Amino acid sequence: MKPVYLDYNSTTPMAPEALEAMLPYFAQEAGNASSIHSFGQRARGAVERAREAVATLVGARPAEIVFTSGGTESDNLAIFGIVTHSPAPRKHVITTQIEHHAVLNSCQALERDGVEVTYVPVSTEGVVDPADVRRALRPETVLITVMHANNELGTVQPIAEIGRIAAEANVYFHTDAVQTAGKLPIAVEELGVDLLSLSAHKLRGPKGVGALYVRKGTRLRPLFFGGHHERDRRPGTENVTGIVGLGRAAELAAANLATDGNRAAALRDRLERELVARVPYARVNGGQAPRTPNTTNITFPFVEGEALVIALDLKGLACSTGAACSAGAVEPSHVLTAIGLPPEDARASLRFSLGHETTGEEINYAISVVPGVVEHLRELSPVYQKPAAAK
Amino acid sequence: MSNATSTDTIVVAMSGGVDSSTVAGLLHRQGARIIGLTMQLWNQRRLPELAGDAPVAHRCCSLDDVYDARRVAEHCGFPYYVVNFERQFEAAVVRPFVENYLAGRTPIPCAQCNTAVKFDELLVTARQIGAERLATGHYARVSRNDATCRWELWRARDAAKDQSYFLFGLTQEQLARTLFPLGELTKAEVRETARELRLPVAEKPESQEICFVPSGDYAQFISAYLEEQGSAAGETSGEILTTEGEVVGAHAGVHQFTVGQRRGLGLSTGQPKYVVRIEPESRRLVVGDDCELFRDTCEVDEVNWISVERLDAPVRAEVKIRHRHEPAPAWVEPVPERPATGEENDGMSAALPSRRVRLRFDAPQRAITPGQAAVFYQGESVLGGGWIR
């Protein structure tokens, strides 16, 4: 059997249609989108069509879409762009404890520059309480940044409610929608966000390209300086090929959103139900919260998630645990710690994330292989003997 | 390699160096099913002030080493993973290392790492992911003695590279699951094999220092670690006395010294003085002449027996008291460990073999150092070993 990939939150294979759309722009249509001549004009046309597609996916106007190198750059541009543009002598940022490192480490860098940051906690189900965000507001607050859905748990945050709080307080509001763009319907007006990050490779587009929605009238300082590309917000010759791929992937995602979502949810629910039923002590993290349809995070007490991921990979099932550090080793998950899991349970948790290509057969395989592997790990685990003997 | 069979899956502990890479390459060429694992043991972002001038490539668990190991795996085509053992390494190796130095002892973290991390935690992970055995790049030999039904640990064929001293703590269970494919090879042959296998690390230089202290400056590491942990580093300073009891100076911390050390005492006495003894309770450093460093006896704790199950009567052995020490002939005598309860010694303690021995060397040995290992050899075979009290 072909290895089964259940790590779509990490990255997705590209849609064949996106690949096909990109191919001409590698060689035949190699114009620079800023050039005056016909070659440049055709590239420009392709970039602008992609901009429309991305704008449509999130309910924005094309002029509000800035292409970047990906989710991390989008998050950095939003956060540093807003905070460093503000002339206030004292600045304060509100975020949560479960953000992606692109946001968390940006906030920590700001802290080193004297900006104050509040990391709002989340519930045991992995959801932030808008009231906590409201309480964290200060006169000097310049930005609220809260992810749309968490990458490890899939839990969807009450963005629209926080959007209203931000609007009342007249504070800029950014959301990292890398895990929801293409999975959940997004309308920036309804969410009340001023900035929204998304990434192509999480929605069946190519790696190395993303976008930031910037509400019209929002003032932000660019990260880079150069030419006047992207309305002075992101200089550098446009990655035409990548942008075309993102545009096509955005179109496909918009068209398939409901069908893919329902299908993934049904498969995910079955996977979750069966694993919890078949593996003693297994429990779902964030299962009571609204979630992206494709994600489940399950604790298998008395195992090391790292060993479990390796053992499953060797059996042809790819999933993930925690966050891989630069070396590839697993570091304890700040998200699972934030929802109150003790360290040993945080280390014993796995994320399965499904995608467009996931089949029922693949889910059957996962259901058949995981319980046995967990049992094998437990048999060899010094810590499992105790609860077993105590029973 | 008498305990290798072709049906086994074998985990190779890979550091990214030429030795463990060659092990992987050799086993892979022999057709064994192997999985490469690299242990992430220490986060080099911790204690960044220690990085100093040490080149990045020589720092512990550097990305370069992981990259090298990964390239070897890709080159040969076997699965490879990095596993995070930072937590276990700190608890089992780094903290005891610091505590030992503060207690006036001179620890050997590599031996501790082998016993408590590599052949314990890593072996568990190896078995969990479907391997029955663990192969490492150590220069030593392991074999089964069918007469005694014991797994034996033997010196490497290449005496200059022999690492059996660091492996004395391995239990029978651990030895039974261990492969040391380099035990029969010389270092030159290993390099040659690496070149033959076209391993990308074939020309990589050796690393010598303790992996988490790449600068070799233990005192600096200990101070930085204690500071990170929020405990005071300065409290180990004290007086320097001669063996006659005369105070001749002061020192900045017992953890900066080891028995036999001459440098760093800052004494202006006529004759060269050496650390003869460290008294951690009073934080005193006792110094004396070179001749005062020689002892013909010491006690060894927590002995792990390898070629025998236990020791009931004195035996002859050649004893190595530090890594670079020519084994010295001695009597190894069992010392009954006092039962904790005192009187009720009616056969109960006899059931538990003593893990303490007294060594009586034929000739006095220089600088027998508490915290180092004493490993007892009988010919090429390791009888057992423990920690010098």
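**Two chains, two domains, one helix**

Let's start with chain B. Of its 389 residues, 45% are buried. Keep in mind that this is a predicted model.

What is chain B built from? It has eight helices and 17 strands. Now look at its contacts, counting those with a separation of 6 or more. Residues 24 or more positions apart account for 66% of them.

Next, chain A. How is chain A divided into domains? The domain assignment gives two. Domain 1 covers 4–10 plus 257–390. Domain 2 covers 16–252. So much for the bounds. Where do the centres sit? Taken over C-alpha atoms, the centres of domain 1 and domain 2 of chain A are separated by 29 Å.

The two domains touch. How many residues does the contact take from each domain of chain A? It takes 23 from domain 1 and 23 from domain 2. Stay on the domain 1 side. Three elements of chain A give two or more residues there: α9 (240–278), β10 (295–299) and α11 (334–338). Which one has the largest share? That is α11(A), with four residues. By class, this side has eight nonpolar residues, 13 polar and two charged.

Now to the contact between the chains. Chain A puts in 14 residues, and chain B puts in 15. On the chain A side, α10 (305–314), β13 (330–331) and α13 (360–379) each supply at least two residues. Which element gives the most? α10(A) does, with five residues. And the classes? The side of chain A that touches chain B has nine nonpolar residues, three polar and two charged.

One of those elements deserves a closer look: α13(A). This helix has 20 residues. From its first C-alpha to its last, α13(A) reaches 30 Å. The expected span is 28 Å at 1.5 Å a residue, and the helix comes close to that.

Which residues of α13(A) are buried? Find them on your screen: A:E362, A:I363, A:A366, A:V370, A:V373, A:V374, A:L377 and A:R378.

What covers these buried residues? From chain A, the cover includes β1 (4–5), α9, α10, β11 (317–318) and β14 (349–353). Chain B takes part too, and its α4 (109–128) is included in the cover.

Let me tie that together. α13(A) supplies at least two residues to the side of chain A that touches chain B. The cover over its buried residues includes elements of both chains. Also, α9(A) turns up twice: on the domain 1 side that touches domain 2, and in the cover of α13(A).

Key. Residues are numbered from 1 along each chain as its sequence is written. Chains are lettered from A and ligands numbered from 1 in the order in which they are written. This is a predicted model: local features need pLDDT of at least 70, side-chain atom pairs count only at pLDDT 80 or more; totals for chains, interfaces and linings use all residues. Two residues are in contact if their C-beta atoms, placed from the backbone, lie within 7 Å. Ala, Val, Leu, Ile, Met, Phe, Trp, Tyr, Cys and Pro count as nonpolar, Asp, Glu, Lys and Arg as charged, and the others, Gly among them, as polar. A residue is buried if 20 or more other C-beta atoms lie within 10 Å of its own, exposed if 12 or fewer, and partly exposed in between; C-beta atoms are placed from the backbone. Domain bounds come from an automatic or database domain assignment. The expected span of a helix is 1.5 Å times one less than its number of residues.
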